[in-house]
Structure formats: C-alpha cells, structure tokens
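Here is a short report on one protein chain. Keep the sequence and the 3D view open as you read.

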Amino acid sequence: MRLKVPIAPRWITLVFGVIGFALLPWTAWLSASLKPHHSTDNWDLAWSGFDSVLAGLFMLTAYSAWHRRPWLPASAAATGALLIADAWFDVTLASRTNDLRVALIEALAGELPLAAICFWIGFTSPADPRARDRA
C-alpha cells in the first residue's frame, strides 16, 4: 500500500529548517545558563493541565477512529507526541531513585509503546477513512 503524502510548499521547508537550526544555539545557551534546580508555583496546574490535554487527545483519537473521521492521523500523531513529551519530563524530572525507576517503567512499558502505536495509526490511516466504506 502506497501512501499519498501531499507536497508541502517550499516556504514551509525553508522556514521550518531555519527555525530548527536557530534552535540549536538557543538550546546550547539554555543548557549552559539555566540552573539545574528550580522551584516554581503552579507545578500541580502545569501537570494536571498537561495530563488533561493528553486525556482529551486520547478521547479525540478514539472518537475519530470509531467514527472514521479524517482527522484521525493528526489526533493520533498529536497524542503520540505528547506521550513522548510526558515520558521525557517524567524521567528527567524524577528527583529520587525510586521515582526514576517508576518513571522509567512507565515510559518503557506504557508511554513509549503507546506513542509508537499512535504514530503507526497516524501513518497507516487513510486521509479519508470513510473512503474504504464507499469502495
């Protein structure tokens, strides 16, 4: 099965490439200048908000798969991306040995495999899933 991928305009390639390269020195500067320890208010709001968005994306992906909506590939890809971000932050922000073990287990046994499934759904789903029913 061959997927038809629409061609992006050339300006997108240029703009996204410039942004990607510009982020490299910015990231190096942040890595060198930020303190390794940081306390913040609203930690609970940040994580509960993130997990609420992730839950919403899971439900949107389920809904779009069940009802064969054309946005299934996009919602599955967004869910996968947030799962990877969730695993990254859980592992890198774990402050104690036991927290790190739990975060690694969750990432390796849950979040990353689910992200792979989401990307598989996004990559293999047709642009118009209802077209299968008409054929």
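The report goes from the whole chain to single helices and then to a few residues.

## The chain as a whole

This is a predicted model. The protein chain has five helices and zero strands. Read from the N terminus, its elements run α-α-α-α-α.

How much of the chain is buried? Buried residues account for 17% of the 135 residues. The accessible surface of the protein chain is about 10600 Å². Carbon and sulfur atoms hold 70% of that surface. Now take the contacts between residues at least 6 apart in sequence. Of these, 66% join residues at least 24 apart.

## Helix 1: in the open

Helix 1 covers residues 10–33. Does its length fit, and what span should one expect? At 1.5 Å a residue, its 24 residues should span 34 Å. The end C-alpha atoms are 35 Å apart, so the two values agree.

Helix 1 is hardly covered. Its count of buried residues is zero. Leu23 lies in this helix. Its relative accessible area is 44%, so Leu23 is partly exposed: the value falls between the 20% and 50% cut-offs. Leu23 also belongs to a nonpolar surface patch of about 810 Å². Its partners in the patch are Trp11, Val15, Phe16, Ile19, Trp26 and Trp29.

## Helix 2 and the loops beside it

Asn42 sits in the loop between helix 1 and helix 2. Asn42 is not a glycine, yet its phi is positive, about 65 degrees.

Helix 2 runs over residues 43–66. Its 24 residues reach 35 Å from the first C-alpha to the last, close to the expected 34 Å. Which residues of helix 2 are buried? They are Trp47, Leu54, Leu57, Thr61 and Ser64. The cover over the buried residues of helix 2 includes helix 3.

Arg68 follows helix 2 and lies in the loop that leads to helix 3. Arg68 is another residue with a positive phi that is not a glycine; its value is about 50 degrees. Arg68 has a relative accessible area of 32%, so it counts as partly exposed.

## Helix 3: packed on two helices

Helix 3 spans residues 72–92. It has 21 residues and reaches 30 Å between its first and last C-alpha atoms, close to the 30 Å expected. Many names appear in its buried list: Leu72, Pro73, Ser75, Ala76, Thr79, Gly80, Leu82, Leu83, Asp86 and Ala87. What do these buried residues pack against? They pack against helix 2 and helix 4 (97–124).

Pro73 is one of the buried residues of helix 3. Its relative accessible area is 17%, and buried means under 20%, so Pro73 qualifies. Beyond residues up to four places away in sequence, Pro73 touches Gly122, Ser125 and Pro126. Pro73 and Phe119 are 46 residues apart in sequence. In space, their C-alpha atoms are 8.1 Å apart.

## Asp86: buried, with no salt bridge

Asp86 is found in helix 3. Asp86 is buried, yet it has no salt bridge. How far away is the nearest side chain of opposite charge? That side chain belongs to Arg96, and it is 16 Å away. A salt bridge needs the nitrogen and oxygen atoms within 4 Å, so Arg96 is out of range for Asp86.

Which residues does Asp86 contact, leaving aside those within four places in sequence? They are Trp47, Phe50, Asp51, Leu54 and Glu111. Of these, Trp47 and Leu54 are among the buried residues of helix 2.

## One salt bridge

Side chains of opposite charge can pair when their charged atoms come close. How many salt bridges are counted here? The count is one. Arg96 forms it with Asp99. Their closest N and O atoms are 3.3 Å apart.

Are the two partners buried or exposed? Arg96 has 55% relative accessibility, so it counts as exposed. Asp99 has 27%, so it counts as partly exposed. Asp86, in contrast, is buried and has no salt bridge.

Methods:
Residues are numbered from 1 along each chain as its sequence is written. This is a predicted model: local features need pLDDT of at least 70, side-chain atom pairs count only at pLDDT 80 or more; totals for chains, interfaces and linings use all residues. Side-chain values use heavy atoms; hydrogens and water are left out. Helices (H or I, at least four residues) and strands (E, at least two) are DSSP runs, numbered from the N terminus. Buried means under 20% relative accessible area, exposed over 50%, partly exposed in between (1.4 Å probe, protein chains only). Lys and Arg count as positive and Asp and Glu as negative; His and the chain ends are not counted. Contact means heavy atoms within 4.5 Å. Patches are made of residues with over 30% relative accessible area and no salt bridge: like charges are joined within 9 Å, nonpolar side chains (Val, Leu, Ile, Met, Phe, Trp, Tyr) within 5 Å. Accessible areas come from the Shrake-Rupley method with a 1.4 Å probe; for residues, only the protein chains shown count as cover. The expected span of a helix is 1.5 Å times one less than its number of residues.
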